[in-house]
Structure formats: structure tokens, C-alpha cells
Amino acid sequence: MIINNCTSGLEEAGVKTAESLEKILSLVVPEDPDLALVLLMIRKMASGELHDSELANLGYQAFGREYERPLTLIRAYLIETASASTRPLKIVRHNHPRMTADEGRMLDALVLAPRDPQACTALLRELCAAPDVSIPQAAAQLLARALIDMGCPLGAPDFY
């Protein structure tokens, strides 16, 4: 499993120009609060910034008493996607207002998982550069369904 924390890698390499960061952080964090929360949790898990108790507290604040299910599924989605990938996934370490194309694809796959599984599969294949993405797709579908069940549908709610 390879995850490239891209902003820290750029800073270590001495690349701090706004143009370089903007090129890598090409997308704006979604305005949908549920998508933004999932992105934040993916980032925190990928960077190892949170201890389990801190992650549990963040999850409890976001999801209430049923927080363990979405946290477990977010972790599974991240691990399975990174494990299936044949290339490093670029994930921002910090709570940055912009996101990488890889982060955007991960979120888009989550939005597509319950409504268009074939499009989700195609997007995950592109993200992972791998032909078999059945396990990350299953994780995405489980996570999307869990969030819908908790009243946090990702993307446009009129699809549900």
C-alpha cells in the first residue's frame, strides 16, 4: 500500500510555489459537508495524524453513537483502494481547502457507488491503474450505503 502525502513531499523537496501546489491540488474541496467530512477522515487516516481515540472522537462528533460503522468502512475503503492501486495515491496531509485528483476520484467513486456501479468501477480502475478493483468497489458501496442509512447521503440527495 503506497500513499503519497503530496504536500509534505513537495515541501521536503523545496517546492513551495503557489503554481506547483495549485497544479497538484487541482480541485476544490466539495461544499457537501458529508463529502468534506469523508475527505477529512481519509486524509487523517492516510497520514496517520490521528490516534484511535482522536479518530473515534471525531467520528462520534460526526455520526453519533453509530460512529464505528462509517469509520471502519472509511478505513477499509482507503486501505483496499491503496492496496489495489499499482501507483501511489496522492493524498494531502493537512486540512487544505483544495484536493488532489486522486482524492477527487475517491470521492466521486463513493458518490457513484450506489447509483452507477459500472461508472464507479471505471473510475476506480482509472484511479488505481489496475484491472481488478472489485474489493475497493465493494468497500465504496458499503461505505456509501452506510452513510445513506445514517442520513448522510453523498452527492445529490434526490438520487436516493
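## Loop residue A129 and the packing of the helices

With a relative accessibility of 44%, A129 counts as partly exposed, a class that lies between buried (under 20% relative accessible area) and exposed (over 50%), computed with a 1.4 Å probe on protein chains only. The model is a predicted one, in which local features need pLDDT of at least 70 and side-chain atom pairs count only at pLDDT 80 or more, while totals for chains, interfaces and linings use all residues. Residues are numbered from 1 along each chain as its sequence is written, and side-chain values use heavy atoms, with hydrogens and water left out.

A129 sits in the loop between α7 (117–128) and α8 (134–149). Its phi is positive, about 55°, although A129 is not a glycine. Most residues other than glycine have a negative phi. A positive phi of about 85° is also found at G151, just after α8.

**Overall make-up**

The chain has eight helices and four strands. Both kinds of element are DSSP runs numbered from the N terminus: helices are H or I runs of at least four residues, and strands are E runs of at least two. Read from the N terminus, the order is β-α-α-β-α-α-α-β-β-α-α-α. The chain has 160 residues, of which 43% count as buried. Among contacts with a separation of 6 or more, 70% join residues 24 or more positions apart; contact here means heavy atoms within 4.5 Å.

**Helix lengths and buried faces**

The table sets the end-to-end C-alpha distance of three helices beside the expected span, which is 1.5 Å times one less than the number of residues.

| Helix | Number of residues | C-alpha end to end | Expected span |
|---|---|---|---|
| α5 | 17 residues | 24 Å | 24 Å |
| α6 | twelve residues | 16 Å | 16 Å |
| α8 | 16 residues | 22 Å | 22 Å |

In α5 (residues 68–84), the buried residues are P70, L71, L73, I74, Y77, L78, T81, A82 and A84. An α-helix has 3.6 residues a turn, so residues three or four places apart point the same way. Helix α6 (residues 101–112) buries D102, E103, G104, M106, L107, A109, L110 and V111. In α8, burial applies to P136, Q137, A139, A140, L143, A144, A146, L147 and I148. These buried residues of α8 are covered by elements that include α3, α4, α5, α6 and α7.

**The α3–α4 pair**

Helix α3 (residues 33–47) packs against helix α4 (residues 52–63) at an angle of about 175°, and the two axes are 12 Å apart. Axes are lines fitted to C-alpha atoms, for helices over the stretch in contact, and angles run from 0 to 180 degrees between N-to-C directions. The two helices are therefore roughly antiparallel, a label for angles over 145 degrees; under 35 counts as roughly parallel, 65 to 115 as roughly perpendicular, and the rest as oblique. On the α3 side the contact is made by L37, L40, M41 and M45, and on the α4 side by L55, L58, G59, A62 and F63. By class, these are eight nonpolar residues, one polar and no charged ones. Nonpolar covers Ala, Val, Leu, Ile, Met, Phe, Trp, Tyr, Cys and Pro, charged covers Asp, Glu, Lys and Arg, and the others, Gly among them, are polar.

F63 belongs to α4 and, at 12% relative accessibility, counts as buried. Beyond its neighbours within four places in sequence, F63 is in contact with L37, M41, P70, L147, M150 and C152. F63 and M150 are 87 residues apart along the chain, with their C-alpha atoms separated by 7.6 Å.

**R43 and P30**

R43 lies in helix α3. With 2% relative accessibility, R43 counts as buried. The side chain of R43 reaches the backbone oxygen of R98 at 2.7 Å. Apart from neighbours within four places in sequence, the contacts of R43 are V29, I91, V92, H94, N95, H96, R98, M99 and E103.

P30 is in the loop between β2 (27–28) and α3. With neighbours within four places in sequence left aside, P30 is in contact with L35, A36, L39, M99 and L107. P30 and P97 are 67 residues apart in sequence, and their C-alpha atoms are 9.0 Å apart in space.

Terms used: Polar contact = N/O pair within 3.5 Å; in protein donor to acceptor, adjacent residues only side chain to side chain.
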